[in-house]
Each structure stands twice: as C-alpha cells, then as structure tokens.
Amino acid sequence: MAIPRVFLITTTLTVALAMAMVATIVPQAEATRAFFVFGDSLVDSGNNNYLATSARADSPPYGIDYPTHRPTGRFSNGYNFPDIISQSMGLPLTVPYLSPELNGQRLLNGANFASAGIGILNDTGVQFANVLRIFNQFQLFEQYQQRVRATVGADRTRQLVNGALVLITLGGNDFVNNYFLTPFSPRRRQFSLPNYCRYLVQEYRKILMRLYDLGGRRILVTGTGPIGCAPAELAMTASRNGECAPEPQRAAQIFNPELFQMLQSLNREIGSDVFITANAFAMNTDLINSPQRYGFVTSKIACCGQGLYNGLGLCTVVSNLCPNRNAYVFWDAFHPTERANRVLVQQLMTGTTEYMYPMNLSTIMALDAKL
C-alpha cells in the first residue's frame, strides 16, 4: 500500500524536530557540572528532616526569608552556603540525598549528603542520636553512584563524579559538641588541645582520601571559622564586651593551619590540585571584626535566640527575632544569615590566596572549562 506523501513529510518533520530537541537538551545536561556536598549543619540542606534526631531546622522561624517563607531544614533564615555556591556557579540547587525529590535529571545535578550535628570523629554529636555521620554520607554517595550507573552507565557516571565540584565542611562540631561540650568531656581527658587538633587532622586526612577514592577530583575544604566568636560561645563564657571565647578560638587557630598544611601535602602526593583550601577562619574573622564594612550592624548578637547575645538555646517561635536579617552576621547561635553567607561565597569565588589556596572558584571554573 502506498504511503501518502503528506504522512511522509509530517513524519520526517516530526523526527527532525525530535532530533533537534535531543541535540539541544543533551549538551545542556552534559554541560551541567554536578555538585556534591558533605558535612554538618553549615551545609545541611534538609537531610535531617528525614531522620529521628533533635538536630533539625524544620520549624519557624527557620526559612523565613526562603522563597517559600517556610522551614526547609536549612540552618538559615533563607538560602545556605551550598545554595549560594550553586547560584554563583550557575548550577541547580543540590537536593538532599534523603529527599524523595532526588530523581531523574536532578540526580545528575549532584546531591547534598550533609547532616547537622556530625564531625570528623564518629563520637561527635552522639547526643543528637540518628544523624548521618561522615561514613554514612560516603555510603550514601556510593549508593548514589550505583543509581546513576543504572541510568547512564559506568563511563558517564565516572565522568560526572570526576568532573564534579565537591564541598566538605567538618570540624566545628568536634570542638563545640565534643571537646568543649563539658568541662570534663572524654576527649578533653584523653587529649591536650594541641594533640586533639593533630588527631582531628590525622582523621580528616583519612576522610579526604576516602572521598578521593570515591571519585572526587575538585574538593573544596573549608576549615573551621572563628568558633569562639559565635554568639553561643559569647553567651556561655558570659563575654562582657563581645570578646571571643579564648579556648575555642585557640582551638581554631591551632587546627586550621595544620589542616591547610595537610591539604597541601595531599596535593603534592597526588600530583594535582585536588584539594582546594577555603580559609573560613580568615573570611569569617573579617566579617566579625568589621561588620559595618560589609553593611552589617552587628556580628555579636544572633538574629534569632534568647539570653545573652541571643546565644542561649535554640531558635524557635518563642525566641527573640530581629526584624531585619540583613543587618546581622549571625542568624542563630552558630549559623550565619543568608546575607553573611553571600559575602563568604563571594570570597570563595574571587578571593585572593589569603582566602582560597591555591586558587578561587572562578579560576577553577575557567581552568576546568578548558579540559
């Protein structure tokens, strides 16, 4: 039977249109760099919402400035640190790995595995019960790769993981929720502070090498901020004029340089700039010491909280709440506001080697675009 000419033309046009659509969609999907996030509450985008734990940010006023104006599990008034990195690099926001929304194309964009309360050490944050310790996060990362392999094959999965940007933020809780948790904590009885810092760096090295073995090739490591300057530490030490708590500050000042030296050593061993140092201590210290320079009113008092410096207890619906979050460096007792995070991410993107070593994210993007 003869096929009508009109049908042939229509079919040809339909096939051509479909091929054109594939040609435009596939390169975009290929060009989108995946982004993986590991760590603690500074970078958790909501995994703990799916866990039976007290380390959660799933009730108001968390999320008050997020587009939905509702809590998302982020320890922020709005977007958090990895969200703003994604926005700055033109990437989709990473979805928490435990979210049922992580499927299809979103799976190829990467995932956020972070979980509030965890640290470098497995005994950090035991009071929070069911959280994703770093080895759990890596187990889920392996599971993630299995899911992607089933979708796009082994070669494409390896390319996606090797070409991804990876962010890992650990260490603060190992001091706040472990060593300094009580005056006679087990780790404080076991280690002097300098020895504890060295022990953390040794354990962190194992974690980072495991992440490298899992395929990470551009790994951004943030170090800790000036822990003693958080409103919680000011409140607990009854700081008179906003002076940072001396012992937590000393911890950060010992830990960070040793961490940075270890990262440089790892890069020399590997023979490539795999690990990128983000000097969170220097970045945050600038904000805390000179808030007005960046348009903030205060870096001592948390926007949401109660007690001295609004640094006691949790941020809840009955807490004091500042009307203008953009005027505050700290959102709650430990975490920055969205606006403070934007200032910090700008340093990640364009900062000098004082903040980003051996290169900033803009340089990384330019270099990797040529590969």
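Me: How many helices and strands does the secondary structure of the chain come to?
Reply: The model is a predicted one, and the count applies to the chain as it stands in that model. Its secondary structure comes to 13 helices and eight strands.

Me: Is the chain as compact as a globular protein of its length, or less compact, and what is its radius of gyration?
Reply: The C-alpha atoms fill a box of roughly 95 × 50 × 40 Å along the principal axes. For 371 residues the globule rule gives 21 Å, and the value for the chain is close to this, so the chain is as compact as a globular protein of that length. The radius of gyration is 22 Å.

Me: What percentage of the contacts in the chain with a separation of 6 or more comes from residues 24 or more positions apart?
Reply: Buried residues make up 55% of the 371 residues in the chain. Among the contacts with a separation of 6 or more, the share of residues 24 or more positions apart is 70%.

Me: Why is helix α2 (residues 81-89) largely enclosed by the rest of the structure, and how many of its residues are buried?
Reply: The buried residues of α2 are Phe81, Pro82, Asp83, Ile84, Ile85, Ser86 and Met89. Their cover includes the strands β1 (35-39), β2 (110-112), β3 (165-169) and β4 (219-221), together with the helices α12 (338-350) and α13 (361-369). Helix α2 is largely enclosed because the number of its nine residues that are buried is seven.

Me: Which residue follows α2, and is its phi positive or negative?
Reply: The residue that follows α2 is Gly90, and its phi, near 70 degrees, is positive.

Me: Are helix α6 (residues 172-179) and helix α8 (residues 193-213) parallel, perpendicular or oblique to each other?
Reply: The axes of α6 and α8 come within 11 Å and cross at roughly 130 degrees. This angle lies outside the 65 to 115 degrees of a roughly perpendicular pair and is not over 145, so the relation of α6 to α8 is oblique.

Me: Which residues of α8 make the contact with α6?
Reply: The crossing of α6 past α8 is right-handed. By class, the contact has six nonpolar, one polar and one charged residues. From α6 come Asp174, Phe175, Asn178 and Tyr179, and from α8 come Leu193, Tyr196, Cys197 and Leu200.

Me: Is Asn279 buried or exposed, and at what relative accessibility?
Reply: Asn279 sits in the loop between β5 (275-278) and α11 (280-289). Beyond its neighbours within four places in sequence, Asn279 is in contact with Thr222, Phe260, Glu354 and Tyr355. Because buried means under 20% relative accessible area, Asn279 counts as buried, at a relative accessibility of 16%.

Notes:
Residues numbered from 1 in each chain as written. Predicted model: local features only at pLDDT ≥ 70, side-chain atom pairs only at ≥ 80, totals over all residues. Heavy atoms only, no water. Buried < 20%, exposed > 50% of the residue type's maximum accessible area, 1.4 Å probe, protein only. Helix = DSSP H or I, 4+ residues; strand = E, 2+ residues; numbered from the N terminus. Contact = heavy atoms within 4.5 Å. Axes fitted to C-alpha atoms, helices over the stretch in contact; angles between N-to-C directions. Parallel < 35°, antiparallel > 145°, perpendicular 65-115°, else oblique. Left-handed = near helix turned anticlockwise from the far one by under 90°. Nonpolar A, V, L, I, M, F, W, Y, C, P; charged D, E, K, R; others polar. Rg over C-alpha atoms; globule rule 2.2 N^0.38 Å.
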